[in-house]
Amino acid sequence: MTFAQRLTIGQINKGNQVIYDEAASYYQQLRWFKTRLTRLEYAQTLAALLASFQFVPQRKGRYLEIGCGPGTWTKVVAPHAAEVVALDISANMIEQARRYVADASNVTFVHGDAADYQPDGQLDGFFSFRVIEYVHGWQEMLTRVSSHVAVGGRAVICTKTPISVYRGTGRERWFTTGVRRALGRLQRWLQGLPEPAGDGFWQKYVSPSAVQQTLEQAGFTDFAVTPAIFGLPIFWRGTCQYPLVPPFAEPPFMWAFEQGRKLANRLPPRLRRLSLVFSESYVLTATKR
Ligand SMILES: C[S@@+](CC[C@H](N)C(=O)[O-])C[C@H]1O[C@@H](n2cnc3c(N)ncnc32)[C@H](O)[C@@H]1O
């Protein structure tokens with residue numbers, strides 16, 4: 001593995017870099033592997049990734065991963081690729097990823113802000129899981145990266161669903177975020193401390209039609225949208241949930257939600273888009289024309 005480039009970090013995305021640097025040591029375990037619920041979310045997202053890529057053993061391509069984090073999906077794609085260029089704004093995340101994919105010799109890490117990343121050379125596609133919602137300037141980023149994708153190359157983007165039963169259960173919850181911010185400001189005012197610069201967390205929900213429109217203008221066609229994490233946010237110990245179902249009662253709900261995801265994937269495209277209302281995140285794929 002090589003550590004190829006360091007790029008400058010734009011001021012707005014800097015706040016997210018600070019947060020992800022802090023979270024790097026525990027993010028992967030907490031998000032994907034800690035409980036059977038997060039493992040289900042991992043399995044559902046993995047199924048969506050594999051279905052989206054349509055890997056062909058005879059055609060191993062060169063892919064860019066935008067926001068590799070601790071390498072969760074880098075490790076999945078690397079065996080199917082000639083090369084993966086894994087980009088992240090957080091150096092600590094890249095350190096985690098470097099360890100997690102230590103057995104892959106075809107991964108090149110780049111530390112920098114995707115908002116001004118300029119790929120070198122041609123790509124057979126790019127993928128980005130749970131990242132564009134944190135990138136201020138994601139449209140320009142997708143447009144720039146797309147211009148490096150060869151005809152027939154793939155774009156695979158996973159992001160949080162804007163209109164969904166999961167909306168409002170996350171860190172944007174006004175009653176926790178708002179109160180926490182106000183208390184922080186009050187504390188700094190009482191202590192006579194200045195407001196810190198660049199420590200804000202930037203997040204924006206991005207709709208499938210907005211991603212599609214951006215990629216369409218960048219020369220992509222053949223769009224498909226599928227739910228990734230699918231179900232209802234009702235588990236006591238899940239992340240970003242309404243606490244209704246206790247741990248001992250989880251399995252039948254998990255089974256039902258997984259059946260729901262499989263069913264949604266078999267629906268015609270328009271109905272599948274409607275089914276996103278039960279998805280925490282979705283995957284959009286497209287092909288370069
Ligand atoms: C929610 S994590 C997802 C990580 C990984 N893709 C996954 O699904 O496990 C978001 C990742 O995007 C990275 N990120 C956020 N903003 C970025 C930016 N402007 N440029 C590059 N990476 C960024 C963060 O550092 C973090 O590793």
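**Note on the predicted model**

1. Strand β7 (residues 220-227) contains Asp222; helices here are DSSP runs of H or I with at least four residues, strands are E runs with at least two, and both are numbered from the N terminus. The phi of Asp222 is positive, near 65°, and the residue is not a glycine. Most residues other than glycine have a negative phi. Asp222 counts as exposed because it has 10 C-beta neighbours inside 10 Å. The cut-offs use C-beta atoms placed from the backbone: buried means 20 or more other C-beta atoms within 10 Å, exposed means 12 or fewer, and partly exposed lies in between.

2. The model is predicted, so local features require pLDDT of at least 70 and side-chain atom pairs require 80 or more, while totals for chains, interfaces and linings take in all residues. Residue numbers start from 1 along each chain as its sequence is written. The predictor's confidence in each residue, pLDDT, runs from 0 to 100; its mean over the protein chain is 90, with 90% of residues at 70 or more. Residues 1-5 stay under 50 in pLDDT, and the model gives them 11 contacts beyond four places in sequence. A contact means that two C-beta atoms, placed from the backbone, lie within 7 Å. Where pLDDT is low, the predicted coordinates should not be read in detail.

3. For the overall fold, the protein chain has 10 helices and 8 strands. Of its 289 residues, 38% are buried. Among contacts between residues at least 6 apart in sequence, 76% join residues at least 24 apart.

4. The shell around the ligand has 21 residues, of which Tyr20, Gly67, Gly69, Ile89 and Ala114 come nearest; a residue counts as near when its C-beta atom, placed from the backbone, lies within 6 Å of the molecule. Two elements, α1 (11-23) and β3 (81-88), give two or more residues to this shell. The largest share, 3 residues, comes from α1. By class, the shell divides into 12 nonpolar, 6 polar and 3 charged residues. In this count Ala, Val, Leu, Ile, Met, Phe, Trp, Tyr, Cys and Pro are nonpolar, Asp, Glu, Lys and Arg are charged, and the others, Gly among them, are polar.

5. The largest nonpolar core holds 59 residues, and Leu87 and Phe126 have the most contacts inside it. Such a core is a set of buried Ala, Val, Leu, Ile, Met, Phe, Trp, Tyr and Cys residues joined through C-beta atoms within 7 Å. Leaving aside residues up to four places away in sequence, the contacts of Leu87 include Ile66, Gly67, Val110 and Ala114.

6. Helix α3 (residues 36-53) has 18 residues and spans 26 Å from its first C-alpha to its last, close to the expected 26 Å; that expectation is 1.5 Å times one less than the number of residues. Its buried residues include Leu40, Glu41, Gln44, Thr45 and Ala48. After α3 comes Gln54, with a positive phi near 50°.

7. Ala43 is in helix α3 and counts as partly exposed because it has 15 C-beta neighbours inside 10 Å. Its C-alpha lies 9.3 Å from that of Ala228, although the two are 185 residues apart in sequence. Ala228 sits in the loop between β7 and α9 (250-266) and is buried, since it has 25 C-beta neighbours inside 10 Å. Beyond four places in sequence, Ala228 touches Gln44, Thr45 and Ala48, among others. Ser281 is 53 residues from Ala228 in sequence, with a C-alpha to C-alpha separation of 5.3 Å.

8. Gly125 lies in strand β5 and is buried because 24 other C-beta atoms are within 10 Å. Its contacts beyond four places in sequence are Gly61, Tyr63, Val149, Gly153, Arg154 and Ala155. The C-alpha atoms of Gly125 and Ala286 are 9.7 Å apart, with their positions 161 residues apart along the chain.

9. Arg130 belongs to the loop between β5 (123-129) and α6 (138-146). Its phi is positive, near 60°, in a residue other than glycine. Is Arg130 buried or exposed? Arg130 is buried because 20 other C-beta atoms lie within 10 Å.
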